[in-house]
Each structure stands twice: as structure tokens, then as C-alpha cells.
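Visitor: Could you walk me through this model and tell me what stands behind the words you use?
Guide: Gladly, here it is.
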Amino acid sequence: PINTYLLVEKITRALRRHIKHTYQIVLLDDQESMGEFYQAVFSQVDVDFHFFNTAESLIAAMEYLQPDLFLLDRVMPSVNGLEVAAMIRQDAKFDFSPIVFLTADEQLDTKLKILSHGADDLIAKTTPAPLVLEQVLARLERAAFIKSFVSKDPLTGVLNHGQIVEAANQQMRLNKRHDNQSVLVLLDVDRFKQVNDTYGHSSGDLVLNGLGQLLLASVRETDYVGRYGGEEFVLLFVNCSVEQALIKTNAIREKCTQMHFVQSKPEIKVSFSGGLVGLEEFSSLPKAISEADRLLYLAKEAGRNQIKV
Ligand code: GH3
Ligand code: MG
Ligand code: MG
Ligand code: MG
């Protein structure tokens with residue numbers, strides 16, 4: 001017999017290794033009783049479960065929920081599950097979100113049709129709850145691993161350009177909904193070309209790697225660090241005032257100037273300059289970034305190794 005308690009413990013721990021946020025699982029089914037049943041099943045683990053009984057209501061909620069996994073019923077009045085799956089698969093934001101169908105129909109051609117519409121898996125509605133739980137959570141964990149793997153910049157271990165931009169965009173949406181403040185800092189290493197020219201490109205790479213590690217170690221778990229390009233990084237301070245973010249960024253800047261990023265060449269010292277903006281002051285991310293870029297330019301003009309607000 002399956003020890004459900006141990007299983008749930010194990011899976012919850014495994015999930016925690018990959019998440020910054022609680023996983024959002026959505027179920028679309030026209031039967032309320034299915035919603036109640038799976039609500040009870042998923043309440044055993046550390047995930048947020050959301051039930052929708054029409055395709056329209058799920059589609060309307062998708063943008064702000066950003067589901068990490070979709071559980072879909074195939075046979076629905078008006079818009080059916082297959083059409084919903086095809087729609088989800090057209091949206092790159094959900095590339096890493098598995099689609100799992102709950103099926104009553106076991107026919108081969110039905111299964112093939114479901115998979116051809118972009119679904120990742122099928123689970124029979126008769127499957128015992130502990131097994132459904134394990135299947136769904138295993139998929140979720142795998143998807144999160146793959147996402148975290150492809151989201152990272154290989155040289156520095158921080159988020160890559162696309163992911164930091166996505167995180168900032170999502171933060172702007174969340175700020176509007178919850179009336180919170182977040183702060184974006186665009187950093188650029190000072191005179192980095194000189195580091196490469198004097199000590200070689202591979203030393204330059206070690207500096208970028210070390211700086212990435214320093215940035216990651218200096219911010220909260222819930223904040224974001226990304227490599228915007230070349231020797232430019234982005235810090236995203238979540239639920240933080242401009243004043244607090246400036247204090248933190250200046251502390252990191254001070255620390256950076258004292259670091260020996262290349263062990264074999266302790267004479268290599270670097271600093272960075274930055275532009276810092278409160279996201280809520282802008283109507284779009286490109287506007288916020290272009291202001292941060294302007295401030296960064298002013299910091300460079302003013303002599304480097306400083307942050308402008
Ligand atoms: P400034 O203070 O004005 O920013 O001067 P800078 O020398 O840092 O500015 P510039 O933009 O002229 O040079 C940036 C350098 O960063 C040039 C490029 O070779 C280097 N760079 C970009 N990406 C990488 C990388 O992945 N590894 C290494 N080693 N160098 C990189
Ligand atoms: Mg149905
Ligand atoms: Mg640069
Ligand atoms: Mg530079």
C-alpha cells in the first residue's frame with residue numbers, strides 16, 4: 001500500500017527546491033463535483049489550486065494566474081478542452097506549463113487526438129487520488145527543473161535576458177493589482193573592456209561569474225537578478241521602496257569593489273555603475289528600462305562607481 005503521507009512530504013520538499021512562488025494549478029471541468037474532489041486532493045500539498053467550470057472563465061483568469069500546470073476536461077459545453085489546449089499552446093508564456101487531460105473516454109483515437117492538440121499527458125478519471133497527485137506533481141517538478149535550467153545564463157547563473165524581462169513584466173502587473181512597489185536597477189561594470197584587454201577574456205568571464213554570484217547572494221530569495229547583456233545586469237527588488245533599494249544597491253557596490261573575483265589574479269578589482277527606478281512610476285517596462293539606462297549614463301558621466309536615482 002502507498003504511504004500517502006510520506007509521498008506528500010517528499011514531493012513537497014522536492015517542489016520547494018525549484019520554486020520562488022507557490023505553484024498555480026488550474027482545473028477546467030464542467031462538473032462542480034470534480035472541482036471539489038481535486039480541491040481536496042491538492043489541499044494535501046503546498047500548491048494553489050483553482051477550479052474553473054467554463055473555458056471562458058479559465059481563459060479570462062490565465063493572464064494573471066500564470067498557471068504552472070493545466071488539468072483539463074475534454075468534453076465541455078460550448079468551448080471544449082481540446083480547443084483550450086490548442087489555445088494555451090499558442091502562448092509562449094505557457095511553454096513550460098504541462099497540460100494534463102482528465103479523461104473518461106479510453107479510446108485510442110481520442111487519446112491520440114488529445115495529444116495532437118498539445119497535451120502532455122492523459123489521466124483516467126478513475127485513477128486513485130494518490131496516483132493522480134504523484135503524476136501531476138512529478139510533471140510539475142520536471143517542468144520547473146527544465147524551466148530553471150533554460151532560464152539561466154550559463155556564464156553567471158543568474159536569469160537570462162528573456163527571463164529577467166519576463167519577471168519584471170510580471171512584477172509590474174502584480175504591483176498594479178496589489179498596489180505594491182518594486183525597484184529595477186540596471187548595472188554596468190565600469191571599464192570592463194580594460195579588464196579583458198589587460199588580463200584576458202577568460203579572466204573577464206570569471207569576473208562576470210563572480211559578480212553574478214555576489215548579486216544573487218546579496219538580494220532576497222524573492223528578488224530577481226538577471227544578465228541583461230554583456231557586462232550589464234538587472235536587479236529587481238520586489239516589494240521594496242526606492243530608498244531601501246538604493247541603500248542595498250550601494251552596499252553591494254561597496255562590496256564589489258573589495259572582491260577578488262579571480263583567485264589567481266587578486267589585483268583585478270572592478271566596480272559598477274547603475275541607474276535605479278521605481279517601477280510603479282512607469283506605464284511600461286521599456287519606459288522604465290530606458291530611464292534606468294539614462295540614469296546609468298549619468299552615473300558613468302559623473303565618474304562611475306555610483307548609482308543614480
Ligand atoms: P564603461 O565603464 O563605459 O561601461 O566601459 P566598458 O569598458 O565597460 O564599456 P564597453 O561597453 O566599451 O565594454 C564592455 C565590454 O564587455 C566589451 C566586451 O568585450 C565585454 N564583454 C561583454 N560580454 C562579455 C563576456 O561574456 N565575457 C567577457 N569576458 N567580456 C564580455
Ligand atoms: Mg465534462
Ligand atoms: Mg555596457
Ligand atoms: Mg561597462
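**A covered strand and a one-sided helix**

Guide: Both faces of β4 are covered, with Ile99, Phe101 and Thr103 buried on one side and Val100 and Leu102 buried on the other. This is a predicted model, in which local features need pLDDT of at least 70, side-chain atom pairs count only at pLDDT 80 or more, and totals for chains, interfaces and linings use all residues. Residues are numbered from 1 along each chain as its sequence is written, while chains are lettered from A and ligands numbered from 1 in the order in which they are written.

Visitor: What makes a residue of β4 buried?
Guide: A residue is buried if 20 or more other C-beta atoms, placed from the backbone, lie within 10 Å of its own, exposed if 12 or fewer, and partly exposed in between. Five of the five residues in β4 (99–103) are buried, so by that definition each has 20 or more such neighbours.

Visitor: Why are β3 and β4 said to pair?
Guide: Pairing takes at least two DSSP bridges between two strands. β3 (residues 69–73) and β4 have four, in the parallel sense, so they qualify. In one of them, leucine 72 has phenylalanine 101 of β4 as its partner.

Visitor: Which strand does β4 pair with over four bridges besides β3?
Guide: That is β5 (residues 121–124), again in the parallel sense. There, isoleucine 123 is the bridge partner of leucine 102.

Visitor: Why do the buried residues of α3 line one face?
Guide: Those residues are Ala55, Leu58 and Met62. Down the axis of α3 they fall within an arc of 50 degrees (taken from the directions from the helix axis to the C-beta atoms), so they line one face. The face turned away carries the exposed Glu56, Ala60, Glu63 and Tyr64.

Conventions: Helices (H or I, at least four residues) and strands (E, at least two) are DSSP runs, numbered from the N terminus.
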